[in-house]
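Visitor: I'd like to learn how to read a fold from its contacts and strand pairings. Can you walk me through this one?

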Amino acid sequence: MILGATRSMDDRSLIAEQIRYYRGRAAEYDATSTSPDDRFGPDLDRVRKAIREFQPRGRVLELAAGTGLWTGLVAELADELTAVDAAPEMLAVNAARHPAANIHFVESDVFALQPEPNWDVVFFGFWLSHVPPARSDGFWSLVRGLLRPGGRVFLVDEADHGRWEEDWIDREAGVVQRELTDGTAFRAVKVLWRPEDLEKRLDHIGWTAQLSASGPFYWGSAIPAQPGPSTTSTT
């Protein structure tokens, strides 16, 4: 019990530090997160094609929307899109880039959301890798609670690909060091799932997922299986 409480407190500290990092990085994010030679462009094109085929219609919730890498595309397909992020600086960049009338921007820590079943689709891109391992099952329980009956999930993220090495602080715990261009260092979460391992884990906790991979990325859809085993939130 004491160990679990300590871990929970450490997770909260780590997540708060991760948020501070992304708040500081907002102004430089797009310049520092894209390969200058766009060598992964074809892989991202496959993701975009898959999103269009998935057709995220109705009321859509985008978690950790950031500066809007996916927001514009999802908004083209959704009737209504709510883009959530804990960093107001990220949302400001996103809102300036995507002024569409059907997009609503909400500042919130994902883990603080209430599991109200208001959404036809929950979308998250490059977010699952920032969920601490101890919170993973609880996060998926939250997502289940956000979906209307018949609701669906689409996700895209970085896989365990081996194309570059992270600045690991603790790989088993999924903790890396990140630096801003001014050299300020922060801890952040980085959990690199293999698509096949994630499919198995989701099946175990009551989801059905179909994932694909190309280059350093994986993506795909997930729906809650009925019935599924209950999960206990670790938040």
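Visitor: Let's begin inside. Leaving aside neighbours within four places in sequence, which residues is Val122 in contact with?

Guide: Keep in mind that this is a predicted model. Val122 is in contact with Leu61, Leu63, Val143, Leu146, Leu147, Arg152, Val153 and Phe154, once neighbours within four places in sequence are set aside.

Visitor: Which residues have the most contacts inside the largest nonpolar core?

Guide: That core has 36 residues, and the ones with the most contacts inside it are Val122, Phe124, Leu128, Phe139, Trp140 and Val153. Several elements give two or more residues to it, among them helix 1 (2–25), strand 1 (59–63), strand 4 (119–125) and helix 7 (195–204). Helix 6 gives the most, with five residues. There is also a second, separate core of 23 residues, which includes Leu73, Val74, Val121 and Trp219.

Visitor: On to the sheets. What is the strand order in the seven-stranded one?

Guide: Read the order across the sheet, not along the chain. Here the order is 3-2-1-4-5-10-9, in an open sheet with mixed pairing. Its edges are strand 3 and strand 9 (207–214), each pairing on one side only. Neighbouring strands in this sheet are turned by 15 degrees against each other on average, ignoring direction.

Visitor: What does "mixed" look like in actual pairs?

Guide: Take one pair of each sense. Strand 2 (residues 80–85) and strand 3 (residues 103–107) are parallel, paired over five bridges. Within that pair, Val84 has Val106 of strand 3 as its bridge partner. Strand 5 (residues 147–158) and strand 10 (residues 217–224), on the other hand, run antiparallel and are joined by six bridges. Look for Asp157 there: it stands opposite Tyr218 in strand 10.

Visitor: Which helix makes a β-α-β unit with strand 2 and strand 3, and what is the unit's handedness?

Guide: The helix is helix 5 (residues 88–97), and the unit is right-handed. Helix 5 lies across both strands, running at about 170 degrees to strand 3.

Visitor: How do I find the inward side of a helix like that?

Guide: Start with the periodicity. An α-helix has 3.6 residues a turn, so residues three or four places apart point the same way. Then pick out what is buried: in helix 5 that is Met90, Leu91 and Asn94. They sit on the same side of helix 5 because they cover an arc of only 95 degrees around the axis.

Visitor: How many strands are in the other open sheet, the one with antiparallel pairing?

Guide: Three, in the order 6-7-8. The edge strands are strand 6 (168–170) and strand 8 (185–189), which each pair on one side only. The twist averages 40 degrees from one strand to the next. Two bridges join strand 6 to strand 7 (residues 175–179), and Trp168 has Val176 in strand 7 as its bridge partner.

Visitor: One last residue: how far is Ile19 from Arg187, in sequence and in space?

Guide: Sequence separation and spatial distance are worth reading side by side. Ile19 and Arg187 are 168 residues apart in sequence and 9.8 Å apart in space, C-alpha to C-alpha. Ile19 is found in helix 1, and it touches Ala86 and Asp109, not counting residues up to four places away in sequence.

Visitor: Why does Ile19 count as partly exposed?

Guide: Because its relative accessible area is 22%, while buried means under 20% and exposed over 50%.

Conventions:
Residues numbered from 1 in each chain as written. Predicted model: local features only at pLDDT ≥ 70, side-chain atom pairs only at ≥ 80, totals over all residues. Heavy atoms only, no water. Pairing = 2+ DSSP bridges. Helix = DSSP H or I, 4+ residues; strand = E, 2+ residues; numbered from the N terminus. Right-handed = clockwise from strand over helix to strand, strands pointing away. Axes fitted to C-alpha atoms, helices over the stretch in contact; angles between N-to-C directions. Contact = heavy atoms within 4.5 Å. Buried < 20%, exposed > 50% of the residue type's maximum accessible area, 1.4 Å probe, protein only. Arc of directions from axis to C-beta. Core = buried A, V, L, I, M, F, W, Y, C linked by side-chain atoms within 4.5 Å.
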